[in-house]
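Let's walk through this structure together, starting with the whole and moving on to single strands and residues. Keep the viewer open as you read.

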Amino acid sequence: MTSSTTLPNMETGLHERDRAGVQDFVLLENYQSEDAFIDNLRKRFQENLIYTYIGQVLVSVNPYKQLPIYSDAHIKEYRNKHFYEMPPHVFAVTDNAFRSLIEENRGQCVLISGESGSGKTEASKKVLQYIAACSGHQTTVEGVKDKLLKSNPVLEAFGNAKTNRNDNSSRFGKYMDIQFDFKGAPIGGNILNYLLEKSRVVAQMGGERNFHIFYQLLAGADDKLLQELRLERSLDSYNYLTDGLNGSVSSINDADYFKQVQQALAVIDFTAEEQREIFGIVASILHLGNIGFKSQDETSEGNAQVNSRDLVVTVARLLGVNASELEAALTHRTIDARGDVVTTPLNVELANYARDALAKAVYDRLFSWLVQRLNISLQAKEARGSRNHVMGILDIYGFEIFKTNNFEQFCINYCNEKLQQLFIELTLKSEQDEYRREGIEWIPVEYFDNKVICQLIEEKHKGIISILDEECLRPGEPTDRTFLEKLTQQLAEHHHYVCHEKAPIQVQKVMGRNEFRLVHYAGEVTYNVNGFLDKNNDLLFRDLKETLSKAGNQLVRACFPEQELRSKKRPETAITQFKSSLNNLMDILMCKEPSYIRCIKPNDLQSAGVFDDQLVLHQVKYLGLMENLRVRRAGFAYRRSYELFLQRYKCLSKNTWPNYKGSGGAKMGVQHLVRDLGYDNEQYKLGETKLFIRWPRTLFDTEDAYQAKKHDIAAIIQANWKGLLQRRKYLKLRAQVIVLQSYCRRRLAQQAAKQRREAADKIRAFIKGFITRNDAPNGYNDEFIANAKRMWLLRLAKELPSKVLDKSWPPAPGHCQEASTYLHRLHRLHLARIYRIQLTPQRKRQFELKVLAEKVFKNKKNNYASSIPAWFQDDRIPKEHIQRINDFVASNFGSEQLKYQSACTKFDRHGYKSRERFILLSNKAVYVLDGKSYKQKHRLPLDKIDFTMTNHNDDLMVIRIPLELKKDKGDLILIIPHIIEFSTYIIDTVGTADIVSIVDRDSLEHNVVKGKGGVIDIQTGAEPGVVRDKSGHLVVIAGQ
C-alpha cells in the first residue's frame, strides 16, 4: 500500500512536498518578506496542511475542525524517522525529542505557545498520544499511559472554560514532566499548575461560561447524585452560572464529558469516597453562590444576616462543617490585633465579598489538591536510573487582549513575556552567542529583545510587581487608584508604560483614568486597575479558614490545614507567588533541550477555512517567527560536540574505527571523519568544541550511512556466529531429527494446543471470577465470594466490640453487607442485654431517674448538664436535722410514703424575705416545714398544684397554689439546691411531666393574693444569688 493511501491529505511523497508552498520556511526564496511568509502559511492552510517548519521550530495553524492525520498509521509513518525526512507534523517534533531523550540521554521539553484559541491544548494532547503509542504495551506501562492520558479530561473539566475566543480555553498553566525508563517506557509523571483564573468561579463575562465541571455535573450526574447534592439541572437556578440557560452550548456535550471525567478519575485511582467529596465541594460552591444577605436595619451599613439559613445548612453539610459556625464566619470577622481578639459583624457588601472569596478559595485549593493527587497517582514506582530521562510538556495560557483587561490578563501576559524571553534566549540570542563563542563566522540578525518589558514588570523595588506588593502591604487605606498613582509617579517616563495623564490626546479619549497601558512584545494592552489590590491580596477571612480547617470532609480539611492558621507569617501575595513559580519554571526549562510548537489562530470566529491575514501577521510578529527564520537562514541546521559526533559516526571511517587513537583528540578525529565522508567546505564548519553542519541533507546522508553501516557490522557478526551454532547442531542432530521429526512435531503440537486451550480456559475463568468477585454469584466467582465471606467472619470473630458503648464494627465486603447489618444489630442487643442483667436494682433505679431527667430537661434547662455526673439522692437533709424530720414523718405521714426530702429557702410573698425551710415529697403531697421549729407550714396535694421553673442556670421553683387552698394564699417561691433532682422525683411520683413547666423568659410572675401578683426577674452573673431590686422585684441571678 502506498504512503499516499495510508496517509491521506499529507505530503508523503517527494513529488507532493511543494504543491502548496514550502514545508520549511528556511526554503523560502524571499525569506525576509512578511507577505511571502503569510502567503506560504495561507496556501498550506487552504490545503489542510496546518504544519510548517522554521528549522526545528514547528508552526501550527488551528484548522478548527478534525483532520484525519493522527491515526495509528500516521504514528507508524513518523516513528524513528529523521526530522526532515517526513512532512512537518507534531509527531515529527515529538519523535525527535523522544529519540534524543532515550538515545542521547538529554532531558527534553516541548514548549507549546500561542494565543488563546490557537490550539495549544490539542497540540499537547497529540504529543501525549504519540508518546503513549511509541512506548510499548507492557501491563505496567499501559497503566502509566492510561493515567497520563486520562489526566487531561480531569484537568480540562476543572481548569478549562468556554470563552468568547475558545470553547475549551485553558484558564490555568500546566507543565507536565513525563519520566521514562532506559527502554523508553513511561514510568511516571509530574504536573505543575500555574495561576488558576479563580475569579471565573464567581463571575463571567457575557457569552462565557464558568469552569466546565459545573455544567458537566448538572448535565451528566444521575438523579440520585443530584438529589444527594441538593442540585437541580436548571442552570438558571445558580447565581455563579452568570449566563444561566445560555450556558448550554451545542458544540459541548457536558453529559458525555462528565462520564469521561468519572471514568478518568477511576483510572487515576481516585476512590469512590474521594469522588463523592470532590463533587460535593463543586455542588457546595453552586449553593454558596445562592446565599444572599440582608441588613438587620434599613441602612446599607447595617449588620448582615443570611437570607436563607437552609442554604447555609446545605453548604455546611456538603463541606462537612458546622452550619452555625459557617453562618457566623460569613457574617462576622475576627481580628487579632497584637493579642487583642475582636469580632466585628460584616455589612452586606463585606459579607458578599467573604462569600465570593470563600468560593474562589475552595475551588482554587480543590484544583491544587487535584493536581497533587494526580501527581501521587503518576509518581514513578522505580525512578532509579531515569534521572535524565524526563520530557516536559508546557501548555500555558496564550497572550490575551480583551476589551477590559484585569489582574488575570496582567499575570497571563507577564507569563508570556517570560516565555518569549526564554524563546529569545534559547533560539535567537543563544544561537548568535554560540556561534561567536565557537568562532564561527556570523552575520548579525537584529531582533526585539523583550527583556526591557520583563524588567518593567518584575524588577526589584522598581517594577510593577514590587509597586503592587508595596501598596498592598503598606499601612493606611491603599486603593487601586493610589496604586495607579504610584505607578504613574515612578514609571511615567518608561517607553513601554503609558498613563492617562501623559498619554497623547487620542489615547486619552479611549483610555480611562483608572487604566494604564503596557507596550508588550505582542502589542499594546490597556489594564483596568479595579480589583488589582484585592486579587493580589487574595484575602480569605481567618474565621472562614478556621471553620473549614475543622471540616469533617477529609478533602476540605486537607485543603485548609490547621498548621496554616498557626503560622503568624503574612502569606505572599498572589503576584509574588506567581512570579516565584514562573521563575522556577524558567529554571526547569533552561535545564532541558527545547522543542517549540508555535500555535497560530487563523481567525477570531473559530470557523474552519477562514484565514485572516492581519490577525495571523500580528501573531507572527509577536511570536518572533521572522527573527527566528532569519537566524536559521544565517546559521547552521545541526551542531554537536566533537565527542558526541565522533562517538556516533566513528564506524564510517577506517581512521576512527573502532576508536580514534591519533593526536589532536576528538576534533582531529572529526576532521578525518568528515574528510572521508566527502564533506565540502560549504557543508560544515569546525568550531572550538563543536561541529556545525549547514544543510539538513548533509546530516541525512551521514545518518543513512551510519544506519547502513551499523546493519552491515551487525550482519557480519550475526552471520558468523549463527553459522557456527547451526553447523554444530546440524552435525549432532541430523540423524535423529530425520526419523523423529514428523512424529514429534505432530505430538508436541497436539499437546501444546491442548495445554494452551486448558490453560486459557482456566485463566479466563479465574480472571472473570476475579473481575466479578463483587457481583452476584455467576459460577465463576463462587470461590472468591466464599473466601471473602470466610475471611470476613474470621476477622469479625477477632474484632468484635466488647463494650456496650463501642459502636465500631469491622467493615464488610459487598456480599456480606446485609449479614453484617444483622450481626451488628444482634451483637449490640447482646451487649445491651448483658449490661442490663448485670445492673443492681439500685443502679437500675438511678438509670430510670436519669433517663427521665434527660427526657424532661435536656436542652430545656441550662443547669441540667451539672446534674448528670452525680447519682440522684432522695435524702438531702443535713445530719443535725434528720432526727426531727424523721419524727415529723412518723407522726404526720400516716399511710403516705416519703419520696424525697431536702433543705430549701423560701421567699415571702410580701417583701421577699428569705426563710429556711425543709421540703418533703410524699406520694400524695408536698410538705414545707419551718427550718427552726420543724412545724408544718404547708401541705400541698400533688393533684392540686403545679410547679414552674425557668430555663436558666438557677435553682428557682415557683409552686402554683390554687385559690381553693385557702390556707395558702398566693404562690410559693423556693430556692431548691438540687432542683433537677427534686423535679425528677416529682415527675416520677406523679407519673407525668405536665406538672412541671419550664418557661423561656427573663421574668416570672407569681400570685400574692386574689387578683394581685409579683414579678421575679432573671439575670445572668458570675456569682449566683437572690436580691430585691429598687423596683420591688425579686431578682434571681443565674450562673453563666
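Helices (H or I, at least four residues) and strands (E, at least two) are DSSP runs, numbered from the N terminus. With that in hand, Y660 can be placed in the loop between α26 (642-649) and α27 (665-677). Before we go further, please note that this is a predicted model, in which local features need pLDDT of at least 70 and side-chain atom pairs count only at pLDDT 80 or more, while totals for chains, interfaces and linings use all residues. Residues are numbered from 1 along each chain as its sequence is written, and side-chain values use heavy atoms, with hydrogens and water left out.

Let's take the overall picture. The protein has 33 helices and 32 strands. Its C-alpha atoms fill a box of roughly 135 × 100 × 55 Å along the principal axes. The radius of gyration (taken over C-alpha atoms) is 42 Å, whereas a compact globule of 1040 residues would have one near 31 Å; the globule rule behind that value is 2.2 Å times the number of residues to the power 0.38.

How much of the protein is buried? Buried means under 20% relative accessible area, exposed means over 50%, and partly exposed lies in between (1.4 Å probe, protein chains only). By this yardstick, buried residues make up 49% of the 1040 residues. The protein exposes about 52,900 Å², and carbon and sulfur atoms supply 50% of that area; accessible areas come from the Shrake-Rupley method with a 1.4 Å probe, and for residues only the protein chains shown count as cover.

Contacts (heavy atoms within 4.5 Å) tell us about the fold as well. Among those between residues at least 6 apart in sequence, 64% join residues at least 24 apart. As for charge, Lys and Arg count as positive and Asp and Glu as negative, with His and the chain ends not counted. The place of a charge is taken as NZ of Lys, CZ of Arg, CG of Asp or CD of Glu. The mean positions of the 146 positive and 129 negative charges are 8 Å apart.

Now turn to strand β27 (residues 972-975), which is covered on both faces. L972 and L974 are buried on one side, and I973 and I975 are buried on the other. Which strands pair with β27? Two strands pair if DSSP finds at least two bridges between them. Strand β21 (residues 898-907) runs antiparallel to β27 and is joined to it by 3 bridges, with T905 standing opposite I975. Strand β26 (residues 956-960) also pairs with β27 in the antiparallel sense, over 4 bridges, and here I959 stands opposite L972.

S922 belongs to strand β22 (residues 914-922). Its relative accessibility is 0%, so S922 counts as buried. Leaving out residues up to four places away in sequence, S922 touches F893, E896, Q897, L898, K899, Y927, L942 and T989. To get a feeling for distance, find V110: S922 and V110 are 812 residues apart in sequence and 92 Å apart in space, C-alpha to C-alpha.

Another pair of strands is worth a visit. β14 and β15 form a hairpin with 2 residues between them. Strand β14 (residues 515-520) and β15 run antiparallel and are joined by 6 bridges, and L518 stands opposite V525 in β15. Strand β15 (residues 523-528) is mostly covered, with 5 of its 6 residues buried.

Is N450 buried or exposed? This residue sits in the loop between α14 (407-438) and α15 (451-458), and N450 is buried because its relative accessible area is 0%. Apart from residues up to four places away in sequence, N450 touches E417, Q420, Q421, I424 and Y521.

T314, in helix α11 (residues 309-319), has 15% relative accessibility and so counts as buried. Beyond residues up to four places away in sequence, T314 touches R230 and H287.

Finally, some loops. Y64, between β2 (57-61) and α3 (72-78), has a phi near 55 degrees, a positive value in a residue other than glycine. N80, in the loop between α3 and α4 (90-104), has a positive phi of about 60 degrees although it is not a glycine. N80 is exposed because its relative accessible area is 53%. Back at Y660, its contacts outside four places in sequence are L646, N655, G665, M668, G669 and H672. Y660 and L646 are 14 residues apart along the chain, and their C-alpha atoms are separated by 8.6 Å.
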